[in-house]
Structure formats: C-alpha cells, structure tokens
Protein chains: 2
Amino acid sequence: MTHLPDTEAAKPSGQEIPPAALARLTIYLRALNSLMAAGTERISSEQLAESAGVSPPTLRKDLSYLGSFGTRGVGYDVGLVSQEISAALGLMHEWKVAIVGVGNLGRALAGYSGFSTKGFGVVALFDADPLVVGAEVAGLRVSPIAELESVLRHTGANMAVMAVPAGVAQGLCDRLVAAGVMSILSFAPVVLQVPPSVQLRKVDMATELQILAYHAQRAQETENNSESSARP
Amino acid sequence: MTHLPDTEAAKPSGQEIPPAALARLTIYLRALNSLMAAGTERISSEQLAESAGVSPPTLRKDLSYLGSFGTRGVGYDVGLVSQEISAALGLMHEWKVAIVGVGNLGRALAGYSGFSTKGFGVVALFDADPLVVGAEVAGLRVSPIAELESVLRHTGANMAVMAVPAGVAQGLCDRLVAAGVMSILSFAPVVLQVPPSVQLRKVDMATELQILAYHAQRAQETENNSESSARP
DNA sequence: TCCTGTGAATGGCTTCACAGCG
DNA sequence: CGCTGTGAAGCCATTCACAGGA
C-alpha cells in the first residue's frame, strides 16, 4: 500500500534536518560513541542532553527528525541511536577525503585521528611546494598540484579539505569542482564561489576570534557602565 | 560624565548584533580591507554584497546595526565602513592571545598571518611535551603548562586558543578560566563547560565533515530516486 | 509512573518594498 | 534620479507543555 521511495518505513528521511539540529546530532554521536566505549548501554534524554550541553527537549526534538527509536519510560539504547545518527549522516560507508595544502594545518588535518574512526579516510595529499611534494605525511605520499585531477580520479576521492593560502583557493576550488568533488571544506579566509550542486563549508579562525572580541568588548563596556552609572 | 557612555552619539551600540549578522560583518571587513589595499575608496551595497556572497538587502541591514554611515545615492566609503566594523567588533586595540597546545595545529595558528594584521597578537605558547617546551615557534618560546598561570599574568593575555587533545581540554580550560581568561576558542572535539561570563567558541572539523557527508548522501539519494522512478 | 514523542506557540532572522536623503 | 536606511511581513527554528506508550 505504501510504496514511497523511503529506505525504511516510518522514517521521515525525506525531510531535511534543520542545520542547527544537524550540527548538534554530530555532538550527540560523539557523546554516544564515548558512552559505548565506556560500556554504557542505556541513557535517558536528560543525561545525554547534559553531556552534549543542550536541553532535554532540544535533544528529543533533534532525534525525532530521524525517527522514534527510544523506549518510553526507559530511555535510549546507546548503540542503536549511535547507529541511527551515523546512518542519517551518511557515515555507514567511508568517505574518501583529499587534503589540498600540506602546511602545518594540512599536516594537523592529515594526522587527525578523529577522521579514520568516524567514517572518513584521507586518501590523497597535495601541495605546491616542491620541497614538500614526495614527502611522506601520515603514511601518504604528497602529490604535486599538477596531478590533482589524475590522483583524484585514481583514488576516488569525493571530498576535499582545502588548507591553502587565500590567493590560490578559488583556482584550486574550481579545479576540484571540475574534477567532480561534490563536498569541500575550506580553511582559506576568502569567500569561494561554487555551483549550487557543490556543498561548501568554511572554517575561519579570524572570524571566530573577531566574534569573541566583539563579546569581550561588550562585556567590558557593560562592566564600565555599571561602575560609573549606578542608575535605575 | 554627564553625557552618555556611548563613544559616539546616534549609534545603537547598546543593541546586540544578531549572531548571523555578526559573522557576516567579519566577512565584510575582510572584503573591505582587500578593497582598501587595492586603492578602492567607494563601493555600493550591491558590489560589496556580491564580493561577500550575500544579497544587497542583507548587507545593508547588517551595516545598519552599527549605524548609518553610507551616502545615499553614492554608496559607502570603504575606509570609513572598515573602521566602523572594526570599532564595533572591538578590534581597535590589540587582543593578546595565548595558544595552548603547540602541535601541528597550534603551529599553524601561531604562524597564521591573519592574526597580527587584524587586531590579534600571539603573546604566549604552551605545551605539555618536554621536547617542545623551550623551542622557538613563530618567534616565541614555548612555555610549559606548569607555568600557565604565571605566564598568562605576565603577558596580560586575555584570550586563549586551545589546540589540545580532547582528554586534557576541560582541565586546561578550567585553569584558563581561573586565571582570568574571558574568551576561549577551542579546537578540541569535546563539549567544554565554562561559566556564563566566559565566552567559548568551538571549531570542530569532524562536525564539519559530517555535515558535508549528510548533504552529499542526500544528493546521492535524490539522484538515485530520480533515476529509478521516472516521474510523470 | 516513568520518560519519550510531538503539535503549538513563541521569538528571531531574513526578506522585501518603499521611504528618505544626497 | 540613485542608492542607502528601515519598518513590516513572512518564514523558520527553537522551546514548551502535554499527550502517549512501556
């Protein structure tokens, strides 16, 4: 009777998960994996919410975007919820990641153990510096940028992380897109243009610090005001 | 002392800037500084919006949170707007940043040129590894964690960036807070607990990749569905 | 009775259209 | 006449209170 193209019945997998909820799901996943490693099998929404730093209703609402797999009156099965989140995020098979730019940041990313244990594998490294090309970093040989397209094709990489200077980021981004990479995470401090079909996310350390500075300045001003003017 | 504590009159500086707008303001600032370096003096909201990747009304609304300093019929003075954003973000004086953890990521941060040119100066480096302590990185000597409190006091650092393993992050975070650091940027993949008076921001590479994976999987599923079911 | 699941209301961001000034 | 500035409307996400099942 029901023949919707959903993978499983009773799961709202056609719905888009709101961005804010999506970000929190990754936090829950990490907390659940820690719990699983510690041997915990069941957990209540209140406990899990606390370890993730959110309110219990927020947690339950977020999980409800994936379906209903808790037990009323009891709580959640740690392993089951972890698996459901992994499935929803697309982490059941490994994504092949290429890292473009093997400076300090690129090395940090290449050696980041969180990748391999969470559904991501680094399969290629690229750098423009002839002194770096050919070196072995985190068990991989660094390829020259000139071989970008061929190595991407050969390794089957479908994601890329860009840890390159701002000036060359757009050019390399264009080449990644042309080579068929559909998901890019950029650490370069520039606005990159990509076609709508390509997913681009940006991590910007200068932006983060500037936002901190804004709040810090605000806190200082409030402090000064309450000092000098003790008004109603 | 009779006048208002506002730096300038007619500026809504008591208002909080919405988080989304705040993040975009940092992008505008970078674009404006590029323009200034290129010698451009005036720009319209349409041009600036395009280089920042947002719509013109969004740009104008964002700038209006700081005040009104454009010229109707003409556009914005690049230098003036840059200065106003810098003032609003608290970048007119330099913030002193301590970097905790001098692995590859810490080194990348210490050497990041964006800091010094944008109101941030790295004044202290810390690491737990005896082989790293004492080394010179980006012109600074690496201090041992044991000297955290004394070096923070001596250098007057008021911001900290944590590039340390998850396991030791909360302990170090507590010590930073106890030492009076009010703003912390963490790269550690854990939820950190801080008192409400302390500003904490988090950069999480695993989260970013997982969000990309979610969208990538969704794009694949959509593709498969439209393949198998040739709709009316 | 417990804790999960969810519909409804609140609050905030974004967008738009037009008012306002050079 | 051109472009900025902004009030208002629409929309989305978060929050809450309660329904619902073990």
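Start by selecting helix 1 and helix 3 of chain A: their axes come within 10 Å and cross at roughly 100 degrees. Keep in mind as you go that this model is predicted. With that crossing angle, helix 1 of chain A and helix 3 of chain A are therefore roughly perpendicular to each other. To see what touches, show side chains for A:Ala21, A:Arg24, A:Leu25 and A:Tyr28 on helix 1 of chain A, then for A:Thr58, A:Leu59, A:Asp62 and A:Leu63 on helix 3 of chain A. Colour this helix 1 to helix 3 contact of chain A by class and you will find five nonpolar, one polar and two charged residues.

**Over to chain B: helices 2 and 3**

Now hop to chain B and pick helix 2, residues 45-52, along with helix 3 of chain B. Their axes are 8 Å apart, and the two pack at an angle of about 100 degrees. Helix 2 of chain B and helix 3 of chain B are therefore roughly perpendicular to each other. From helix 2 of chain B, select B:Ser45, B:Glu46, B:Leu48 and B:Ala49; their partners on helix 3 of chain B are B:Pro56, B:Leu59 and B:Arg60. The residues of this contact between helix 2 and helix 3 of chain B divide into four nonpolar, one polar and two charged. Leave B:Ser45 displayed, as the next stop comes back to that residue.

**DNA strand D**

Select DNA strand D and everything around it: 25 residues surround the strand, and the closest are A:Ala20, A:Thr58, B:Ser45, B:Gly70 and B:Tyr76. Which part of DNA strand D faces the protein, sugar and phosphate or bases? Of the strand D atoms within 4 Å of the protein, 65% belong to sugar or phosphate, and the rest to bases.

Three contacts are worth zooming in on:

- B:Ser45 has a polar side-chain atom 2.6 Å from a phosphate oxygen of DNA strand D.
- B:Gly73 places a backbone N or O atom 3.2 Å from a sugar or linking oxygen of DNA strand D.
- A:Arg72 has a side-chain N or O atom 3.2 Å from a base nitrogen of DNA strand D.

Next, colour by secondary structure. The elements that give two or more residues to the surface near DNA strand D are helix 1 (19-37) and helix 3 (56-64) of chain A, together with helix 3 (56-64), strand 2 (70-71) and strand 3 (75-77) of chain B. Helix 3 of chain A provides the largest share, four residues. Sorted by class, the surface near DNA strand D has eight nonpolar, 10 polar and seven charged residues.

**DNA strand C**

Move the selection to DNA strand C. How many residues surround DNA strand C? The count is 26, and the closest are A:Ser45, A:Gly70, A:Arg72, A:Tyr76 and B:Thr58. Of the atoms of DNA strand C within 4 Å of the protein, 66% are in sugar or phosphate and the rest in bases.

Again, three contacts to zoom in on:

- B:Thr58 has a side-chain N or O atom 2.5 Å from a phosphate oxygen of DNA strand C.
- A:Gly70 has a backbone N or O atom 2.7 Å from a phosphate oxygen of DNA strand C.
- B:Arg72 has a polar side-chain atom 3.1 Å from a base nitrogen of DNA strand C.

At least two residues each of the surface near DNA strand C come from helix 3, strand 2 (70-71) and strand 3 (75-77) of chain A, and from helix 1 (19-37) and helix 3 of chain B. The largest share, four residues, is that of helix 3 of chain B. By class, the surface near DNA strand C has eight nonpolar, 11 polar and seven charged residues.

**The two copies together**

Zoom out and show both protein chains. A turn of 180 degrees, with a shift of 0.0 Å along the axis, lays chain A on chain B with an RMSD of 0.0 Å. The two copies are thus related as by a two-fold rotation axis. The same surface serves both copies, with 100% of the contact residues of chain A recurring in chain B.

**Two last residues in chain A**

Find A:Ala88 in helix 4 (residues 78-89) of chain A. Leaving aside residues up to four places away in sequence, A:Ala88 touches A:Leu66 as well as B:Tyr214 and B:Gln217. A:Leu25, which you met on helix 1 of chain A, is 63 residues from A:Ala88 in sequence but 9.5 Å away, C-alpha to C-alpha.

Finish at A:Arg141, in strand 7 (residues 140-144) of chain A. With residues up to four places away in sequence set aside, A:Arg141 touches A:Leu125, A:Gly134 and A:Ala135. Add A:Phe126 to the view: A:Arg141 and A:Phe126 are 15 residues apart in sequence and 8.8 Å apart in space, C-alpha to C-alpha.

Conventions. Residues numbered from 1 in each chain as written. Chains lettered and ligands numbered in written order. Predicted model: local features only at pLDDT ≥ 70, side-chain atom pairs only at ≥ 80, totals over all residues. Heavy atoms only, no water. Near = heavy atom within 4 Å. Polar contact = N/O pair within 3.5 Å; in protein donor to acceptor, adjacent residues only side chain to side chain. Nonpolar A, V, L, I, M, F, W, Y, C, P; charged D, E, K, R; others polar. Least-squares fit on C-alpha atoms with pLDDT ≥ 70 in both. Contact = heavy atoms within 4.5 Å. Axes fitted to C-alpha atoms, helices over the stretch in contact; angles between N-to-C directions. Parallel < 35°, antiparallel > 145°, perpendicular 65-115°, else oblique.
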